[in-house]
Protein chains: 2
Amino acid sequence: MIVELINTGSELMLGRVLNTHQQWLCRQLADLGYVVTRQVAVPDTGSAIEQTVREALARADLVIATGGLGPTSDDLTRDLVAQLLGKELREDAAVLAHISHIFERLKRPMPERTKVQALIPEGAIVLHNPHGTAPGLAMEVRPNPFRADGKPSWLIMLPGPPRELRPMFTDSVVPLLRHELPLVSGFVCRTLRTTSVGESVVQEKVGGPLQRWVEAGLDLGYCARPGQVDVRLAASGSSAEQRVREAEAVVREVLGTHIYGVEDDDLETVIVRLLTERKLTLALAESCTGGCIANRITNVPGASAVLLAGVVSYSNAAKQKFLGVQANTLAEHGAVSEAVAREMVEGARRQTQADYALAVTGIAGPSGATPDKPVGTVFIGLAGPSGTVVARQFNPYDRETFKQITTQQALELLRRTILSGGRG
Amino acid sequence: MIVELINTGSELMLGRVLNTHQQWLCRQLADLGYVVTRQVAVPDTGSAIEQTVREALARADLVIATGGLGPTSDDLTRDLVAQLLGKELREDAAVLAHISHIFERLKRPMPERTKVQALIPEGAIVLHNPHGTAPGLAMEVRPNPFRADGKPSWLIMLPGPPRELRPMFTDSVVPLLRHELPLVSGFVCRTLRTTSVGESVVQEKVGGPLQRWVEAGLDLGYCARPGQVDVRLAASGSSAEQRVREAEAVVREVLGTHIYGVEDDDLETVIVRLLTERKLTLALAESCTGGCIANRITNVPGASAVLLAGVVSYSNAAKQKFLGVQANTLAEHGAVSEAVAREMVEGARRQTQADYALAVTGIAGPSGATPDKPVGTVFIGLAGPSGTVVARQFNPYDRETFKQITTQQALELLRRTILSGGRG
């Protein structure tokens, strides 16, 4: 099955926004077995959209286009597709009623312009949008004048805002695909997520042992991100499930505890799960990461059962006031030191009575460096029932990468400690 | 000038990673006047990469490809391009020395496999990579066998990791473009960022007044994101600068203080700038946003001069201990209440002696709702020299969107208070 994704939006071409649809839709589709073979982004101009939709319909069984269904003057997709396929646009009473209802609920006047979103090309299936005003549209192009063999294609158009597109995909597009474009051959993809080991080393360790499976058609891929390397195993066909399962066992054997999770698991998800299962609590004291660890932990539903408190102790006064760091420790060793990390983490644990506490103090840059403590220097403290450890790391990167990698290292230190049963 | 971007990587097609290159490169190129006309992502298979490079060379004056230059077995771009253009690969001694040096500095053994990154297609310009092992490559395809008129194209290949690609683009690609592909006509793009007003309303307000400029060729676009709508004004040609400047004046007249910044300005950047200029300090007390506000503020270089402390008071005990919230206030009103928001924000200001404090308490969901306080209910408190205000908001979205929108509202409340000179 040939699947293509088209993202429309001049803001994409001008780099004004990040194209999160690509990842999300490709991921959802791959997990269902519809691997996207090509993704194209084009500006909101009539000619670019028309040409791209036409080319995709000439190649693909399924074309999904995002954006251009809204109320503003640069929303052209609905009109262009109707024109390209020779369909008239008709106002749909149910869609119009839904749009009015949304404005009533928000107690806002309904701008005249929003009504264009109730125009539907004849023959199109309306995909209900409970989270916004623009409905999605699905059309079977049959016969398909753009394909040499006339084979039909499905064209699905989804609204741009992610919080509208995502539930619409799950609730309306998935059932439609299962019904209209059922899959004949299996596809299985498995991602193993590792941390604290580099990309070349991962490849050196797993490449050899997996060679037999790769020769038999396993698709083996790697993806490096700050503080993380993913190993991706994918296969198609009737024995896909078994081949991926065997390959996973090999990778687990070779990489052991470097693998912290699978698929979309983030370290924070794994940690909230571990702490919840073991009925343990956590406190945080962050200086240089500035709330990044707390923010990641609290993105996980259920975090409130394990996270008692976090302190972003950016100033020395805050380190003293909230965590009980001693003035003479700060004066003698400086805020970025093993001694201060130790007092921060022990203070956070003492103040909150948490089972575990994590603390970080370091130099994110661009300023703040000293001759013996360059930008990137960081001390990560962990206090638990078995005592306190402080690790020194060196992450000489830009400010945001520094925060991400340091957060990753702190969470990994916590994960390993919990797993090793560091309960005193 | 026709500019195309190719992003290679099966992990992109499988939705395992977000394609941040598209936004970053499109943005950099647009600001230089090289607006990308098409972006394509394809998997790491020989045929897909070869076909896409071939098609792009048939159309474009400049083709930029990312990824596939690393050391692993799915890094195919270097080999495929050499083959497509009929060039031999030769080991470059300087590149090899650089790779060895990187492993020495990290005190790690150099895996044999990393040496492939020193192979350079004959005639290619090596783009130095100070942040990684894979160099970039630039080649002029002249004569160009793929273009009907034989017009030459530039093909530039960049490594996948963003912290390698970005400095390489700035330091090596920009000078090369300026020298080899100088622009003939001007291009100006200006983005005005607004908050606390919806997309339809923005369009209703600015669409009419800007019609005259749009008819004269101004490209007017909108982009809605959680808690934010961007208005984009772009024009080409010799009078581009003037037309965009005039249009900006119209938008500023109509939207007034809803415009909080321009281009890449985030609310946090604007706030750190405002506080720094006025020598003011800030403290944060976050419950439901869980460190999101602190994390955004501390992403801004220089934040340490204005942010004294933040408390992520996820538990009631933390609200009492660190912020002095009264037990009976919690018992009587509940943790999500105007009264608790008031005590939190006043406590944060009192404990830290900051000029301003922000506090949020709410229900991020998915659990925690009560009949009169559904998921999405949030109280935002601001305390400053002129006193305390608490605003109630309703943000019934998924957990991460809730955190983002609430953070945006809190920062906007702070921005407006500082701007109105709320200094008592």
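These legends walk through several views of a predicted model with two chains, A and B.

**View 1. Chain A on its own.** Let's start with a single chain. Chain A has 424 residues, and 50% of them count as buried. Its secondary structure comes to 14 helices and 17 strands. Along the principal axes, the C-alpha atoms of chain A fill a box of roughly 80 × 60 × 40 Å. Take the contacts in chain A between residues at least 6 apart in sequence: 66% of these join residues at least 24 apart.

**View 2. Two copies and one rotation.** How is chain B brought onto chain A? A rotation of 180°, with 0.1 Å of shift along its axis, superposes chain B on chain A, and the RMSD is 0.1 Å. The two copies are thus related as by a two-fold rotation axis.

**View 3. Where the chains touch.** Here 82 residues of chain B are in contact with 81 residues of chain A. Which helix of chain B gives the most to the side that touches chain A? Helix 2 (residues 20-32) does, with eight residues. On this side of chain B there are 37 nonpolar, 28 polar and 17 charged residues. Of the interface residues of chain B, 99% are also interface residues in chain A, so the copies meet through the same surface.

**View 4. A sheet shared by both chains.** Follow the strands across the open sheet, and you will meet ten of them in the order 17(A)-16(A)-15(A)-13(A)-14(A)-14(B)-13(B)-15(B)-16(B)-17(B), with mixed pairing. Strand 17 (387-394) of chain A and strand 17 (387-394) of chain B stand at the edges, each with a single partner strand, so one side of each has no neighbour in the sheet. From one strand to the next, the twist averages 10°.

**View 5. The join between the two strands 14.** Strand 14 (residues 307-312) of chain A and strand 14 (residues 307-312) of chain B run antiparallel and are joined by three bridges. Which residue is the bridge partner of A:Gly310? Look for B:Val312, in strand 14 of chain B.

**View 6. Strands 15 and 16 of chain B.** Six bridges link strand 15 (residues 356-362) of chain B with strand 16 (residues 377-384) of chain B, and these strands run antiparallel. To find your way along the pair, try B:Ala357, which stands opposite B:Ala383 in strand 16 of chain B.

**View 7. A helix on the sheet.** Helix 14 (residues 399-419) of chain A packs on the sheet, where it touches strand 15 (356-362), strand 16 (377-384) and strand 17 of chain A. The direction of helix 14 makes about 25° with that of strand 16 of chain A.

Notes:
Residues are numbered from 1 along each chain as its sequence is written. Chains are lettered from A and ligands numbered from 1 in the order in which they are written. This is a predicted model: local features need pLDDT of at least 70, side-chain atom pairs count only at pLDDT 80 or more; totals for chains, interfaces and linings use all residues. Copies are superposed by least squares on the C-alpha atoms of residues with pLDDT of at least 70 in both. Two residues are in contact if their C-beta atoms, placed from the backbone, lie within 7 Å. Helices (H or I, at least four residues) and strands (E, at least two) are DSSP runs, numbered from the N terminus. Ala, Val, Leu, Ile, Met, Phe, Trp, Tyr, Cys and Pro count as nonpolar, Asp, Glu, Lys and Arg as charged, and the others, Gly among them, as polar. Two strands pair if DSSP finds at least two bridges between them. A residue is buried if 20 or more other C-beta atoms lie within 10 Å of its own, exposed if 12 or fewer, and partly exposed in between; C-beta atoms are placed from the backbone. Axes are lines fitted to C-alpha atoms, for helices over the stretch in contact, and angles run from 0 to 180 degrees between N-to-C directions.
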